[in-house]
Amino acid sequence: MSVDRRTLLKMSLAGGVAGALGLKSGVAAAQQTGSDGVKWICLGTKGGPRVGTGRSNPANVLLVDGVPYVVDCGPGVSKRLVEAKVALPSLRYVFITHLHSDHVLEFGNMVYGGWSAGLNHDVEAFGPVGLDALARNYWESIRDDVETRIPDEGKPDPRKLLKVKEITEPGPVLTTDKVKVTAFRTPHPPILEKNYAYRFETPRGVIVYVSDSAYNPELATFAEGADLLIHETLYVPGVDAMVKRVKNAASLKEHLIASHTTTEDLGRLAAAAKVKKLVMTHLVPGDDPSITDEMWMQDASKHYSGPIVVARDLMEIALEG
Ligand SMILES: [Zn+2]
Ligand SMILES: [Zn+2]
């Protein structure tokens, strides 16, 4: 593993890889980086909706000169944002890959939390068809509270602040003065249409985020030359151990393999895309401490010779280009 010149890892690990590389902890890095620059923070790095005491569920935030672009909103996203020192009232853009619960369960509550803490500007949320209904149903579920607080506390109507923009076709979805975001459709059986990967072109480099997806060689073109490929992955021996504990073992394994990308296939993809760094996230199984970073990386590194990082919650990756 090496650190190239364009990117510098800042991990919250005490010791471990970060220590070996002489890198700073997440908190120290955040204080040092301030609001300038481009950095990606892995907020939750475990696949699936089950809540536990270890890794949190899928969520990330890209910060571009202090402006947050939240990517997926699994359970725990709000708490992790606060821990990452991203103030909830600063929420501005949200991207949802697909509507599986581990990616959306806290979408509404996160926006609510921002509003509760003083958010008073628009939040634009991008995602597949169905996201608008999810948002409307969320507001309906909390209507009594919201309609009490608006006059009682003199707050703006949060339902009007949240602007959902459903993506119906792949292509550019957002262009700001600093960031261009493009969506790419990728299969995650049985979800074939309503599932997107995102490419973020920033002033400091390109980040491609893929979660969730079956192994899709076509992503190599979408991710070509990216400074960071942040991609879900599945560790097959870990899945074998996991499914031994359940009754529907064979069908569960079949589902997982069909709808996700193994570590070895991810190595193939990263090599084909010639990305500068690979970050493994949405780890399945993400709550088995017997699986070491080396085990996650082993099969990918058979194909991809660049640096590989196994994501941990609150890990920060800054683009220094
Ligand atoms: Zn997922
Ligand atoms: Zn999924």
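**Exercise 1. The start of the open sheet**

G171 stands opposite A183 in β9 of this predicted model. Work out which strand pairs with β9 over four bridges, and in which sense.

Solution. Step 1: strand β9 covers residues 180–185. Its four-bridge partner is β8, and these two strands run antiparallel. Step 2: the link between β8 and β9 is a hairpin of four residues. Step 3: β9 also pairs with β10, again antiparallel, through six bridges. One residue pair in that ladder is K180 with its bridge partner E201 in β10.

**Exercise 2. From pairs to a sheet**

State in what order the seven strands of the open sheet lie, and which of them stand at the edges.

Solution. Step 1: the order is β8-β9-β10-β11-β12-β13-β14, and the pairing within this open sheet is mixed. Step 2: β8 (171–175) and β14 (308–310) each have a single partner strand, so they are the edges, and one side of each lacks a neighbour in the sheet. Step 3: ignoring direction, neighbouring strands are turned against each other by 25 degrees on average. Step 4: inside the sheet, β10 (residues 196–202) and β11 (residues 205–210) are antiparallel and share five bridges. Y198 faces Y209 of β11 across this pairing, standing opposite that residue.

**Exercise 3. The surroundings of β6**

Determine how many residues of β6 are buried, and which strands join β6 by three bridges and by six bridges.

Solution. Step 1: six of the six residues of β6 are buried, which leaves the strand mostly covered. Step 2: β5 (residues 93–95) runs parallel to β6 and is joined to it by three bridges. F95 stands opposite F126 of β6. Step 3: β7 also runs parallel to β6, with six bridges between them. Here G127 stands opposite E166 of β7.

**Exercise 4. The nonpolar cores**

Find which elements supply two or more residues to the largest nonpolar core, and which gives the largest share.

Solution. Step 1: this core holds 32 residues, and V70, L81, V94, F107, M110 and L162 have the most contacts inside it. Step 2: the strands that give two or more residues are β2 (38–44), β3 (59–64), β4 (67–73), β6 (123–128) and β7 (162–167). The helices that do so are α3 (77–83), α5 (107–116) and α6 (131–141). Step 3: α5 gives five residues, the largest share. Step 4: take M110 as a sample residue. Beyond its neighbours within four places in sequence, M110 is in contact with V70, C73, V77, S78, L81, L91 and V94. Step 5: a second core, separate from this one, has 28 residues, with W40, Y93, F126 and Y196 among them. The general background is that nonpolar side chains tend to be buried together in soluble globular proteins.

**Exercise 5. A lysine in β2**

Is K39 buried or exposed, and which side chain does it join in a polar contact of 3.4 Å?

Solution. Step 1: K39 is placed in strand β2. Step 2: the relative accessible area of K39 is 6%. The cut-off for buried is under 20%, so K39 is buried. Step 3: the side chain of K39 meets that of E316 in the polar contact of 3.4 Å.

**Exercise 6. Cysteines and a buried histidine**

Classify C42, C73 and H103 as buried or exposed, and state how many disulfides the structure holds.

Solution. Step 1: C42 has a relative accessible area of 0%, so it is buried. Step 2: C73 also has 0% relative accessibility and therefore counts as buried. Step 3: the structure holds zero disulfides. Step 4: H103, which lies in helix α4 (residues 101–104), counts as buried because its relative accessibility is 0%. Step 5: leaving out residues up to four places away in sequence, H103 touches P58, D72, C73, G74, I96, T97, H98, S211, D212 and H282.

**Exercise 7. The chain as a whole**

Give the share of residues that count as buried, and the share of contacts that join residues at least 24 apart.

Solution. Step 1: the chain contains 13 helices and 15 strands. Step 2: 54% of its 321 residues count as buried. Step 3: among contacts between residues at least 6 apart in sequence, 67% join residues at least 24 apart.

Terms used. Residues are numbered from 1 along each chain as its sequence is written. Chains are lettered from A and ligands numbered from 1 in the order in which they are written. This is a predicted model: local features need pLDDT of at least 70, side-chain atom pairs count only at pLDDT 80 or more; totals for chains, interfaces and linings use all residues. Side-chain values use heavy atoms; hydrogens and water are left out. A nonpolar core is a set of buried Ala, Val, Leu, Ile, Met, Phe, Trp, Tyr and Cys residues joined through side-chain atoms within 4.5 Å. Buried means under 20% relative accessible area, exposed over 50%, partly exposed in between (1.4 Å probe, protein chains only). Contact means heavy atoms within 4.5 Å. A disulfide is a pair of cysteine sulfur atoms within 2.5 Å. Two strands pair if DSSP finds at least two bridges between them. Axes are lines fitted to C-alpha atoms, for helices over the stretch in contact, and angles run from 0 to 180 degrees between N-to-C directions. A polar contact is a pair of N or O atoms within 3.5 Å; within protein, one must be able to donate a hydrogen and the other to accept it, and residues adjacent in sequence count only if both atoms are side-chain atoms.
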